[in-house]
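Q: Take a close look at the aromatic side chains for me, please. Then walk me out from there to how the rest of the chain packs around them.

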Amino acid sequence: MQQANALNRLDRLPVSRFHKATLLAVSFAYFFEFADINTFATTAPKLVDLWGITIDQVAYVTSLSFVGMCLGSVVAGAVADRLGRKRTLLLTTLFFGVFSFASAFSWDLVSLTVFRVLTSAGLSAMTVVAVIYVNEMYPSAVRGKYQAYAIVVGICGTPVTNLIASGVVPLADWTWRLVYLWGSLGILLVLFTRHLKESPRWHESRGDHASADAVLRDIEARVAAEHGPLPEPAPPVEEKPVAKAPLRLLLQRKYLLPTLLLTVLWVTQTIGFFGYSSWAPTLLAKEGFSVEKSVFYVALTTVGAPLGSYLAALVTDRFERKWCLAAFGTLIALCGLLYGLTFNPVLIIVFGFLVNLFERGYTALGYAYSPELFDTRGRSLGTSVSYGLGRLSNAAGPLIVAALYHAHGYRSVFYFIAGTWLVGAVVLGIFGPRTRPARPAPAPAPSAGAAGRV
């Protein structure tokens, strides 16, 4: 076999039970990623009281966690190219689940820090692989929508975890450990193994057209059994097998510019999002709200997160993604600033709800946008490095937040975070490439050039 024609064969498939089963599995992984990612934030106020840790120590633990995220992202990109998308998705999910479980048995701040750094590495690695996997398994015309649908389900892990934390953390001196046990349940992704297929586009990129064809035939048989005969795919585009992509590949102009742009996207998103989610419970507690109230208020605001991902699903394949991202980023900055300027509990909940709504929509759009800026050769490496650098930026973020809080007070933190979101929105609006024209239109078949790019 000379060419499996994976992209065009996948693109002409109607959405079927196969796609929905894949969506369920990826959503499950996302659910416990989002469930686990804020466990330290929700338990930190209790540990401040129980272990006597300081705001600066909270900042250092959070910073080191983002170093772990960076390393996990970059390693995941290389592993996904070597072992495949499906296997790496399973391995990274098992990795973060095991170390989240270990976090429940931490005996001091140092042990908890080590476990959280390793957990964070696994969380970020899983996210990178899941983003790439969805990009390669769904038809181009709907991949943005299904990326957002996965986030709609997955993001529910954040409010569910926050509500669980608000209920169990105050019960006793040891019950904060239950939050980490809950986060470790992502390990159960192994139950979905038989429903997941390896990406035929990954097989094809390695020159293994026979394996790619075997996977495609199995998928096509399932879809045809449900929807009847399938239309003919567009003609294949001849591509050379993709060799191992070294880091220096990203220095080439065609990869460097999108990598730099996406690094800005993920740096501003990371500092902006985690500035709110990681610090809000602790800062509210420091400003006079009880631990129970601060955790509960933040839990209520995160209810807006699934709605934001659903909003992204409605707009992502209808409008140009760069403009959606710029608009959402601007709205987050405005709502986040208003959140920081009030101490009225109702307004805290309202503006916090809006921040979570637009931020989770922004993240879903970003997950769809990022891999589209690269071809198959650079997709895994470019996505993982830009995402990893974004996460690494927040190694400094918590230290900046702590310094601003000590020097200028609570509100200065929210001026800084709002400014970060605005920088991202402006850069995307000015420099972000359009991706919507590269996706196939509903009626005519895509051109060979467009198919090769996406």
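A: What follows starts with the rings and works outwards to the helices.

A quick note on the ground rules: this is a predicted model, so local features need pLDDT of at least 70 and side-chain atom pairs count only at pLDDT 80 or more, while totals for chains, interfaces and linings use all residues. Residues are numbered from 1 along each chain as its sequence is written, and side-chain values use heavy atoms, with hydrogens and water left out.

Now the rings. There are 19 aromatic pairs in the structure, a pair being Phe, Tyr or Trp rings (the six-membered one for Trp) with centres within 6.5 Å; planes under 30 degrees apart are stacked, over 60 edge-to-face, and the rest tilted. One of them is Trp266 with Tyr367, a tilted pair at 5.6 Å centre to centre and 40 degrees between the planes. Trp266 belongs to helix H12 (residues 253-277) and Tyr367 to helix H17 (residues 345-372), so this pair ties together parts 101 residues apart in sequence. Helices here are DSSP runs of H or I with at least four residues, strands are E runs of at least two, and numbering goes from the N terminus. Both partners are buried (under 20% relative accessible area with a 1.4 Å probe, protein chains only; over 50% is exposed, and in between partly exposed): Trp266 has 1% and Tyr367 has 2%.

Elsewhere, Phe28, Phe31, Phe32, Trp182 and Phe192 gather into one aromatic cluster. Lys322, meanwhile, lies over the face of Trp323, at 4.5 Å from the ring centre; that label needs Lys NZ or Arg CZ within 6 Å of the centre and within 35 degrees of the ring normal.

Moving on to other packing, Thr93 sits in helix H5 (residues 85-103) and is buried at 1% relative accessibility. Leaving out residues up to four places away in sequence, Thr93 touches Ala29, Met126, Gly186 and Leu189, where contact means heavy atoms within 4.5 Å.

Zooming out, the chain has 21 helices and zero strands. Of its 454 residues, 61% are buried. Take contacts between residues at least 6 apart in sequence, and 87% of them join residues at least 24 apart. So a link such as Trp266 to Tyr367, with its parts 101 residues apart, is a handy place to start looking around.
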